[in-house]
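Work through the following exercises with the sequence and the coordinates side by side, and try each task before reading its solution.

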Amino acid sequence: MKVSLAWLKEFFEEGALDSYEPNRIADTLTSLGLVCEDIIDSGYTTRGVVVAEIVNVRAHPSADKIRIADVNAGPEVNGGQETIQICCGAPNLSIGDKVPLATVGTVLPDGLEIQPRKMRGEDSSGMLCAAAEIGLADDGVDGLAVLDSSLTVGTPLEEALQLQSDTVFDLDIEGNRPDALCVLGVARDLAAKLELKLIEPEYKTTGAETNPIVTKLDVPDLCSRFGVRVITNLGAGESPSWMKQRLIAAGMRPISAIVDISNYVMLELGQPNHTYDLDKLDGEGFHVRLAVGGEQLVTLDGAERELTEADLVVCDATSNPVGLAGVMGGASTEISDTTSRIVVEAAVWDRMTVAKTVRRLNLRSEASTRFERGVDPAGVERALNRFCQLAAEICGAELSFAAHVTEGSAVEKTAVKVRTSRVNSFLNASLSAQKIKDYLDPIGFSTAIVSDENLVVDIPSWRPDSSIEEDVIEEVGRHYGYENIGKRVPRSPKSGYLTQSQLARRQLMLSARALGHSEAMPMPFLDPSDVELVTPSVKPIALRNPLVSAESVLRTTLLPGLLKAAAYNQSHRQPAVKLFEAGRVFLPAQDELPDEFERIAFIATGFSADGSAARYAAQVLASVFDANKLGDFQIVNDPQAALHPTRSAQVKYRGKAIGEVGEVSPKVLEAFGVSDRVAWLSLDTAPLYAAMAKPAKLKAVSRFPSTDIDLAFSVPKDVASQKVAAAITSAAGKLLAELDLFDAFYGKEDDSARSLAYRLRLQSDSGTLTEEEIARVRQDCIENVNKLTGSTLRS
């Protein structure tokens with residue numbers, strides 16, 4: 001929207017804006033969100049043009065299309081002569097007319113400098129001008145601009161026509177600021193920011209109290225207010241130059257006095273209006289209704305338009321459409337040069353109804369833009385009164401009666417509770433309740449302070465875009481100054497953030513890779529016979545729509561998928577492979593959805609039948625726990641499904657079973673086509689993740705040297721190695737720094753016992769261990785192992 005500085009000044013006390021340079025005003029408007037994209041020098045800027053009277057006109061002796069005019073431009077221009085000679089090609093040279101004369105030395109807006117010259121041998125001391133040639137509004141006349149006969153000859157044109165230069169601000173108004181689509185709205189914001197007094201004129205007009213125009217509203221929810229005024233004895237004429245210049249500066253073309261007044265009021269106050277020729281309006285009344293499907297209306301642009309049931313129309317008293325509500329008037333009641341009586345209408349239309357009609361017909365206008373964004377329902381009377389005031393001043397019109405408004409659905413006032421803490425949180429400021437009130441009151445947001453924390457703000461009728469606390473905070477922010485809002489890094493989730501479970505999962509998988517195992521990712525769908533083979537006691541969950549008919553159930557363990565991967569590798573001459581998988585298993589539950597558990601499993605192939613597979617699986621278990629600082633675990637001899645009956649065990653952690661370890665059953669291996677013996681370890685990950693999420697406890701490092709001793713025991717085959725380790729740990733107490741099972745030997749002749757060799761690292765935090773202390777710990781360990789496990793020290 002383009003706003004004239006001279007127009008803005010009318011809403012301030014005289015001289016209030018004179019001390020502000022245009023650039024500062026532009027910067028202020030931009031800081032308020034009314035972005036000034038350009039500052040334009042406008043209005044009348046041509047100097048050296050005077051009022052001249054044509055005294056005589058005669059033909060040019062050497063040119064058919066050029067005539068010679070003797071003009072009186074006043075003593076100063078005439079230079080002591082009665083007239084000066086001008087050669088002119090305009091067709092409307094008439095004796096007695098007063099016209100603009102560009103004197104010698106004048107520079108016209110197009111850059112042409114007027115100099116004395118000869119035209120076909122005849123002297124010409126100036127140039128008689130058309131309106132457009134000197135920067136005035138195009139009056140539509142073919143030829144010279146004919147001035148008012150009452151003007152004094154020789155008077156500078158800007159003085160005679162009361163013309164002035166002006167500055168225009170080209171503003172980019174966002175869709176949420178309908179109030180700023182008028183000069184008054186911009187002035188209101190500017191006055192508040194500059195702490196100047198805003199002058200809102202009251203446009204009072206008189207009129208006889210006669211019966212008003214009757215208006216019938218069929219759709220009060222689509223038209224909240226419909227106001228009219230009747231103007232009679234309308235004289236023909238054109239708008240004054242100052243009005244034309246302001247309209248041109250705003251980007252609108254002057255047309256006629258009444259049309260110009262209508263546009264002027266819309267630009268000034270933001271309320272679109274429309275005029276009807278009262279003598280062409282059947283019944284001298286209005287009927288507002290929805291259109292009938294297929295109904296026709298010829299609009300002011302001459303186009304015949306077919307309406308739908310969604311279009312809102314203004315009809316005459318006989319219900320014939322005379323206008324498309326909020327968009328464009330009808331041609332049947334268009335005013336003309338002979339119009340003497342008019343009805344001025346100003347209404348408030350439903351925003352979405354207007355928007356849909358505009359979009360369907362592709363018929364956007366300045367009026368429809370304002371209605372789509374929302375107009376001030378309380379501004380109808382003011383706009384009508386302003387229209388009538390200008391009509392009386394410019395056209396000498398008479399006003400029949402005061403503004404009459406038909407009310408539709410009531411527009412309720414909105415009151416919003418605003419919290420001081422909320423304002424300061426949004427703006428990163430420390431504003432008091434009084435300061436917030438000082439920012440809001442000047443722009444019409446009437447504010448009552450309830451307490452230091454709470455305020456109640458009444459939203460003004462011209463701000464339909466504001467309805468919640470955040471809208472009010474935005475207004476405070478605009479006048480507090482966006483540049484004053486403190487910098488603050490907003491709180492937000494970290495990009496790429498991993499949960500504790502995700503971090504623990506990655507750590508476990510890293511441990512698996514460190515042991516030389518490659519990750520496998522088998523499908524979770526299995527053949528029912530595979531599940532029956534490895535977990536015969538669990539009924540698998542069937543798929544409703546399996547990808548492959550043979551693989552119709554969800555897995556209950558990770559074993560089948562890894563065995564198939566091992567068999568595939570062996571079929572490709574890779575007999576010894578180490579794989580792991582971290583994935584979910586699915587078990588039946590009472591609910592419709594299955595129970596899902598995540599597990600991590602390790603498999604290794606290529607072992608002989610000497611039990612080395614089971615021992616390797618136990619070593620993997622110990623390595624995983626040690627690498628992730630999970631603490632102690634227990635291996636409980638307990639045959640596991642699908643594993644070797646004497647080489648499998650249950651893994652317990654903190655008193656709960658979390659998995660199984662050992663060697664896969666030969667029968668299962670045969671069924672899956674896997675040769676040799678296979679090591680297997682499977683663990684539930686949930687308890688491991690929970691333990692890994694806790695921060696590790698730090699232990700002081702001893703400054704004193706350590707001592708290693710080796711103990712080899714003959715252990716009964718039904719005694720777990722961990723039980724022996726527990727007995728050693730209990731006996732050594734705090735002096736035991738590390739314990740390692742470094743050798744296991746199974747005799748060929750006697751399989752009732754096995755040899756387990758342990759390395760103990762002893763270290764004290766208080767001093768170097770003596771030989772006596774070491775010998776005592778050694779003896780305590782031997783006796784405790786014998787007592788608790790029945791194992792004996794090998795010689």
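The exercises below concern a predicted model and treat two residues and two empty spaces in turn.

**Exercise 1.** Determine whether R225 is buried or exposed, and describe its surroundings.

Solution. Begin with the secondary structure, where R225 is found in strand β12, which runs over residues 223-232. Next, consider the relative accessible area, which is 12% for R225; because buried means under 20%, R225 is classed as buried. Then look for a polar partner of the side chain: the side chain of E407 makes a polar contact with that of R225, at 2.8 Å. Finally, list the contacts beyond four places in sequence, which include A346, A347 and V348, then P377, A378, V380 and E381, and also V405, T406, E407 and G408. E407 thus appears both in this contact list and as the partner in the polar contact.

**Exercise 2.** Locate G74, decide whether G74 is buried or exposed, and relate its position to that of L736.

Solution. Start from the chain, where G74 sits in the loop that joins β4 (63-72) to α3 (75-78). The relative accessible area of G74 is 5%, and because the limit for buried is under 20%, this loop residue counts as buried. If residues up to four places away in sequence are set aside, G74 touches V153 and G154. As a last step, take the C-alpha atoms of G74 and L736, which are 662 residues apart along the chain and separated by 123 Å.

**Exercise 3.** Describe the largest cavity by its volume and its lining.

Solution. First, count the cavities of 30 Å³ or more, of which the structure holds three. The largest cavity has a volume of about 130 Å³, and among its 15 lining residues D179, C182, L269, D376 and W462 are the closest to its centre. Then assign the lining to elements: helix α5 (residues 183-194) gives the largest share, three residues. Sorted by class, the lining comprises seven nonpolar, three polar and five charged residues.

**Exercise 4.** Which element gives the largest share of the lining of the second largest pocket, and how is that lining composed?

Solution. The second largest pocket has a volume of about 1,100 Å³ and is lined by 43 residues, with V259, S262, N263, H274 and L300 nearest its centre. Elements that each supply at least two lining residues include α7 (257-269), β13 (274-277), β20 (342-349) and α9 (366-373). The largest share, six residues, comes from α7. To finish, divide the lining by class, which yields 22 nonpolar, 15 polar and six charged residues.

Notes
Residues are numbered from 1 along each chain as its sequence is written. This is a predicted model: local features need pLDDT of at least 70, side-chain atom pairs count only at pLDDT 80 or more; totals for chains, interfaces and linings use all residues. Side-chain values use heavy atoms; hydrogens and water are left out. Helices (H or I, at least four residues) and strands (E, at least two) are DSSP runs, numbered from the N terminus. Buried means under 20% relative accessible area, exposed over 50%, partly exposed in between (1.4 Å probe, protein chains only). A polar contact is a pair of N or O atoms within 3.5 Å; within protein, one must be able to donate a hydrogen and the other to accept it, and residues adjacent in sequence count only if both atoms are side-chain atoms. Contact means heavy atoms within 4.5 Å. On a 1 Å grid over the protein atoms alone, a cavity is a set of points where a 1.4 Å probe fits but cannot get out, and a pocket is an open set with protein on both sides within 12 Å along at least five of seven lines; lining residues have an atom within 4 Å of a point. Grid points are joined across faces, edges and corners, and a volume is the space filled by probe spheres set on the points. Ala, Val, Leu, Ile, Met, Phe, Trp, Tyr, Cys and Pro count as nonpolar, Asp, Glu, Lys and Arg as charged, and the others, Gly among them, as polar.
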